[in-house]
Amino acid sequence: MKSSSIIALVGNPNAGKSSLFNQLTGLRQKTGNFPGVTMDKKSGIWPLDAHTSSVVIDLPGVYSIYPKSLDEQIVTDILANPSHPDYPDVAVVVIDAANLHRNLLLFTQVVDLGVPTVLALNMLDVAQQQAKSVNAVRLAMRLGVPVVRINARTGEGIDLLKKAVQEQIQAPVLPGKLFFDPTDEAPDVIADTKTQYQLDNNYLALQYIIQHDGFSFLNRTQQLGLDAIISQHQFNDSTFQANETILRYKRIAAIVTEVVTDKRPINQPTWSQKLDRILLHPIWGYAIFGFVLLLIFQAIFAWAQPFMDAIDTGVAWLNGQLKESLPPGPLTDLLTDGILAGIGGILVFIPQIAFLFLLIALLEESGYMARVMVIMDRIMRKFGLNGRSVVPLISGVACAVPAIMATRSIGTRRDRLITILVTPLMSCSARLPIYTILIALVVPSQRVLGVFNIQGLALMGLYLLGLASALLAAYVLKLFLKTKERGYFIMELPTFKLPRWNHVGLTVWESVRSFVWEAGRVILAISIVLWVLASYGPGNSMEQAEARVRQQKPVVTSDELQNQIASERLEASYAGNFGHFIEPVIRPLGYDWKIGIALLSSFAAREVFVGTMSTIYSIGDGADDAGVTIRERLRQERNPETGGAMYTPALAWSLLVFYVFAMMCMSTLAATQRETKSWKWPAVQLAYMMVLAYVSALATYQFLK
């Protein structure tokens, strides 16, 4: 047995493939890209015995090996190419026992390609609820491959699956004959293809004929050679593929009749179907979805606040302790005012990020998120989007980068491009720190009707504003991007299930860890650079600023003098000069030069805004404020022109609206460039979103002030 065997998990969407992946790999997972493409690949280590581990790859869910989108093409490219680095030693095909007839189509195609296969019979509990029973032994005899009964949610049957996989690696067992042999219908085409391309599998030769234009591993000369074979034999691939599917389903039906016992009364609906009558209702479906959103945003404020206060106070206390215990000097200032202040500005939002991902994971685990996609499809089409656009848009609430990659499931080019361009308007988790700290400054923590927190309502309003703007932008883009292609949306609704808390916990842990790690690295780098820029200035400008303060304010307390000196030195620094340089542009929005510094730094990543403000105000204040939290610093900031509070409702809402629309994420622009293979569309994305952000923030400030 190879010490690095590759096990590929293959299956229909919602068959439980990803649940099985989590069971097999646990925390031994990693995310990368498939070789040669910028497509996310989840892989992990599965110990087969005390001395051997295998690499498990979770392939995208597909209904057949004939792809209809970019992510489905990945599966075919791997299974049809033994030279691919991810070509599996064993394919574990996960099928839904309650939908055996449909799931077996993909299985028969994978087996016919000559891949050693184990059939994992999942969701037997769901089949039992529907009064169905599957005879796994008889099914294995009819198919000619190992069949294992599992429960991917609970881990039942994993040991038997491990044993079957080991046996397939050591001594592969394949069916005696192809489930569908194309030589019965087109012997000459298959024979010529096998001879010309040195193939020994009839069904693989058929895939060369039908899918050669999409295969990434065939060069242009090989593709032209296959075109010549098609032309010579006048082969019609569409007709042949349709006939193949009909014949496969006919043979599958005979097997299902033999191995499945169905005792359910005819036309009796399941309890999931009964719930769907309400959740998919054209009126009640939207009302329930709105109520679910309201509960989510209420929970983000209500449940997370005690944890946020504890982290905020703890970081401020630690900062104060370090300043008191460490000797004064540049290194102490860098540690406290630079690194700790910047990172502390993002750590405080971990509870809200965790609760957001927790609640989203619960919706996905239960099966409700699929219903949301279906009801939102009705709205999407009115704005010119494909129903499959719902998945990237909802994913954009977490992060726009994987959401943009998720557009590969959209079949039409125009719909995919529009979805890519508007997805960043959905408020991602990086905006959440900005939203919550500004809302907490200007929105009172009061309740409406004794239940709904006003701050939670304000947060929900910002998310809905992002959704509305994405739909309107899509409608406008539809008017400019013309196409004759027609989009479609097909989704199988999974049955409702109780969430698996271990999977929910794993999802929350991975999401929070990724957010903190990715944001933390950027914030750490920017905090250090920003501290340097804010602590030093051109020439002797810093010393001159301090001298002016001492001359103008000779009779003040020591603490007041130090605060004024720190503020003047900050204004005279390199960072202060940058802020003053762009201040004329942002002054109509109500922003000063300090906010300008934060705007510039947050172009790397939006969440850097809070860390930057924390660093700026830490440097700009005296030592007596060492234990003050960032929220208190913002609340205490005064407007030098009016003497009143700097962060008025007008300014705060102007900033909030600006960040709803602003394209301030280099990673998102890079993802757009990779997916569109052009810098034109990232430039369009950046331009229209920044203009929209500036105009909207200007109108908000001028109206509210």
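User: What percentage of the 705 residues of the protein chain count as buried?
Analyst: This is a predicted model. The protein chain holds 31 helices and eleven strands. A residue counts as buried when its relative accessible area is under 20%. Of the 705 residues, the share that meets this is 55%.

User: Among contacts between residues at least 6 apart in sequence, what percentage join residues at least 24 apart?
Analyst: One pair shows how sequence and space can part ways: Ser69 and Thr412 are 343 residues apart in sequence, with their C-alpha atoms 8.7 Å apart in space. For the chain, take the contacts between residues at least 6 apart in sequence. Those that join residues at least 24 apart make up 74%.

User: Is Ser69 buried or exposed?
Analyst: Ser69 sits in the loop between strand 4 and helix 2. The cut-off for buried is under 20% relative accessible area. Ser69 has 11%, so the residue is buried.

User: Which residues does Glu72 touch, not counting residues up to four places away in sequence?
Analyst: Glu72 belongs to helix 2, residues 70-79. Its relative accessibility is 13%, so Glu72 counts as buried. With residues up to four places away set aside, Glu72 touches Gly61, Val62, Tyr66 and Pro67.

User: How many residues of strand 1 are buried?
Analyst: Strand 1 spans residues 6-11 and is mostly covered. Ile6, Ala8 and Val10 point one way, while Ile7, Leu9 and Gly11 point the other way. Residues on both sides are buried. The count is six of six.

User: Which residue of strand 4 is the bridge partner of Ile6?
Analyst: Strand 4 covers residues 53-58. Strand 1 and strand 4 pair in the parallel sense, over four bridges. Within strand 4, Ile6 has as its bridge partner Val55.

User: Which residue of strand 5 is the bridge partner of Val10?
Analyst: Strand 1 also pairs with strand 5, residues 90-96, in the parallel sense and over five bridges. Ala8 has its bridge partner at Ala91. For Val10, the partner in strand 5 is Val93.

User: Which residues of strand 5 point the other way from Val90, Val92, Val94 and Asp96?
Analyst: Strand 5 is mostly covered, with seven of its seven residues buried. Val90, Val92, Val94 and Asp96 share one direction. Pointing the other way are Ala91, Val93 and Ile95.

User: Which residue in strand 6 does Ala91 stand opposite?
Analyst: Strand 5 and strand 6 run parallel. Six bridges join them. Opposite Ala91 in strand 6 stands Thr117.

User: Which helix gives the most to the largest nonpolar core?
Analyst: This core has 93 residues. Tyr591, Ile595, Tyr647, Leu655 and Phe658 touch the most other members. The most residues, eleven, come from helix 21, residues 454-480.

User: How many residues are in the other core, the one with Ala91 among them?
Analyst: This core lies apart from the largest one. Its members include Ala91, Ile229, Ile252 and Val256. Its residues number 66.

User: Which residues is Phe658 in contact with, leaving aside neighbours within four places in sequence?
Analyst: Phe658 is one of the residues that touch the most other members of the largest core. Neighbours within four places in sequence are left aside here. The contacts of Phe658 are then Tyr591, Leu599, Met664, Met690, Ala693, Tyr694 and Ala697.

User: What is the volume of the largest cavity?
Analyst: Rolling a probe the size of a water molecule over the atoms shows where empty space is left. The count of cavities of 30 Å³ or more comes to three. The largest has a volume of about 360 Å³.

User: How many residues of the lining of the largest cavity are nonpolar?
Analyst: The lining has 19 residues, and Phe289, Leu293, Ile394, Val397 and Met426 lie nearest the centre of the cavity. Elements that give two or more residues include helix 12, helix 15 and helix 21. No lining residue is polar and none is charged. The nonpolar count is 19.

User: What value is phi of Met123 near?
Analyst: Most residues other than glycine have a negative phi. Met123 is in the loop between strand 6 and helix 4. Met123 counts as buried because its relative accessibility is 9%. Its phi is positive, near 60°.

User: Is Lys677 buried or exposed?
Analyst: Lys677 also has a positive phi, near 55°. Its place is the loop between helix 30 and helix 31. Exposed requires over 50% relative accessible area. Lys677 has 71%, so the residue is exposed.

Terms used:
Residues numbered from 1 in each chain as written. Predicted model: local features only at pLDDT ≥ 70, side-chain atom pairs only at ≥ 80, totals over all residues. Heavy atoms only, no water. Buried < 20%, exposed > 50% of the residue type's maximum accessible area, 1.4 Å probe, protein only. Pairing = 2+ DSSP bridges. Core = buried A, V, L, I, M, F, W, Y, C linked by side-chain atoms within 4.5 Å. Contact = heavy atoms within 4.5 Å. 1 Å grid on protein atoms, 1.4 Å probe; cavity = no way out; pocket = protein on both sides within 12 Å on 5 of 7 lines; lining within 4 Å. Points joined across faces, edges and corners; volume = space filled by probe spheres on them. Nonpolar A, V, L, I, M, F, W, Y, C, P; charged D, E, K, R; others polar.
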